[in-house]
Amino acid sequence: MTAETSQTLDRGLRVLKLLADTDHGLTVTELSGKLGVNRTVVYRLLATLEQHALVRRDLGGRARVGLGVLRLGRQVHPLVREAALPALRSLAEDIGATAHLTLVDGTEALAVAVVEPTWTDYHVAYRAGFRHPLERGAAGKAILAARHSPNPDPGYILTHGELEAGASGAAAPLLGVTGVEGSVGVVMLTDAVPERVGHRVMEAAREVADALR
């Protein structure tokens with residue numbers, strides 16, 4: 001801690017991070033041990049966070065992340081979208097296909113930013129807000145590849161006809177961005193995606209990741 005930082009705020013943020021990393025919540029005693037502070041301090045932190053709906057406690061006394069965090073999280077999408085747009089525009093114009101940034105939303109993939117090429121006679125209509133299961137489509141499968149692959153860079157994923165008949169997709173995961181799980185990809189009307197598209201999508205994913213760091 002430095003003179004310019006707040007110890008209380010730091011502890012409160014650490015509480016939120018600890019709770020976000022568990023599915024079952026934590027007791028005051030467990031939080032006290034993890035933070036290295038006494039239980040009285042933890043009680044005060046939890047009471048303050050509860051007032052802002054950032055933490056809730058169940059009947060057993062275990063603290064969990066509150067619904068207030070979701071309200072804060074909704075404001076992240078516009079910021080992420082703004083940071084990603086330059087790379088997506090470049091990708092869409094270069095490939096001549098609809099480019100998109102997709103983030104995890106529960107068990108679904110959610111398109112949060114979409115850019116269509118300006119020079120093509122036709123392209124796939126793909127809208128921000130479109131959802132699909134993570135197990136279907138290049139965008140979701142790229143996210144799962146990054147989540148489960150032992151390789152730190154799983155490359156890109158190609159699919160055909162999984163979300164829309166006649167459409168193919170290519171996507172690469174965002175890597176090295178703390179707190180953001182997603183992918184960058186393109187969707188096009190073709191039976192086979194050219195190899196250069198996969199590498200170009202990986203390049204765009206790296207550009208977006210750099211913009212978000």
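## Exercises on a predicted chain

In this chain, 49% of the contacts between residues at least 6 apart in sequence join residues at least 24 apart. Keep in mind that the model is predicted.

**Exercise 1.** Work out what the chain is built from and how much of it is buried.

*Solution.* Start with the elements: you should find seven helices and eight strands. Next, take the burial figure: of the 213 residues in the chain, 39% are buried. Then look at the outside, where the chain exposes about 11700 Å², with 53% of that coming from carbon and sulfur atoms.

**Exercise 2.** Find out how many side chains carry each charge, and how far apart the centres of the two sets lie.

*Solution.* Count the positive side chains and you get 23. Do the negative ones and you get 24. Now place the centre of each set: the two are 11 Å apart.

**Exercise 3.** Decide whether Ser-168 is buried or exposed, and say what its side chain reaches.

*Solution.* First, locate Ser-168: it sits in strand β7, which covers residues 167-173. Second, check its relative accessibility, which is 2%. Buried means under 20%, so Ser-168 counts as buried. Third, follow its side chain: there's a polar contact with the side chain of His-160 at 2.6 Å. The Ser-168 side chain also reaches the backbone oxygen of Thr-190, at 2.5 Å. Finally, list what Ser-168 touches, skipping residues up to four places away in sequence: besides His-160 and Thr-190, the neighbours include Thr-159, Val-186, Val-187 and Met-188.

Notes
Residues are numbered from 1 along each chain as its sequence is written. This is a predicted model: local features need pLDDT of at least 70, side-chain atom pairs count only at pLDDT 80 or more; totals for chains, interfaces and linings use all residues. Side-chain values use heavy atoms; hydrogens and water are left out. Helices (H or I, at least four residues) and strands (E, at least two) are DSSP runs, numbered from the N terminus. Buried means under 20% relative accessible area, exposed over 50%, partly exposed in between (1.4 Å probe, protein chains only). Contact means heavy atoms within 4.5 Å. Accessible areas come from the Shrake-Rupley method with a 1.4 Å probe; for residues, only the protein chains shown count as cover. Lys and Arg count as positive and Asp and Glu as negative; His and the chain ends are not counted. The place of a charge is taken as NZ of Lys, CZ of Arg, CG of Asp or CD of Glu. A polar contact is a pair of N or O atoms within 3.5 Å; within protein, one must be able to donate a hydrogen and the other to accept it, and residues adjacent in sequence count only if both atoms are side-chain atoms.
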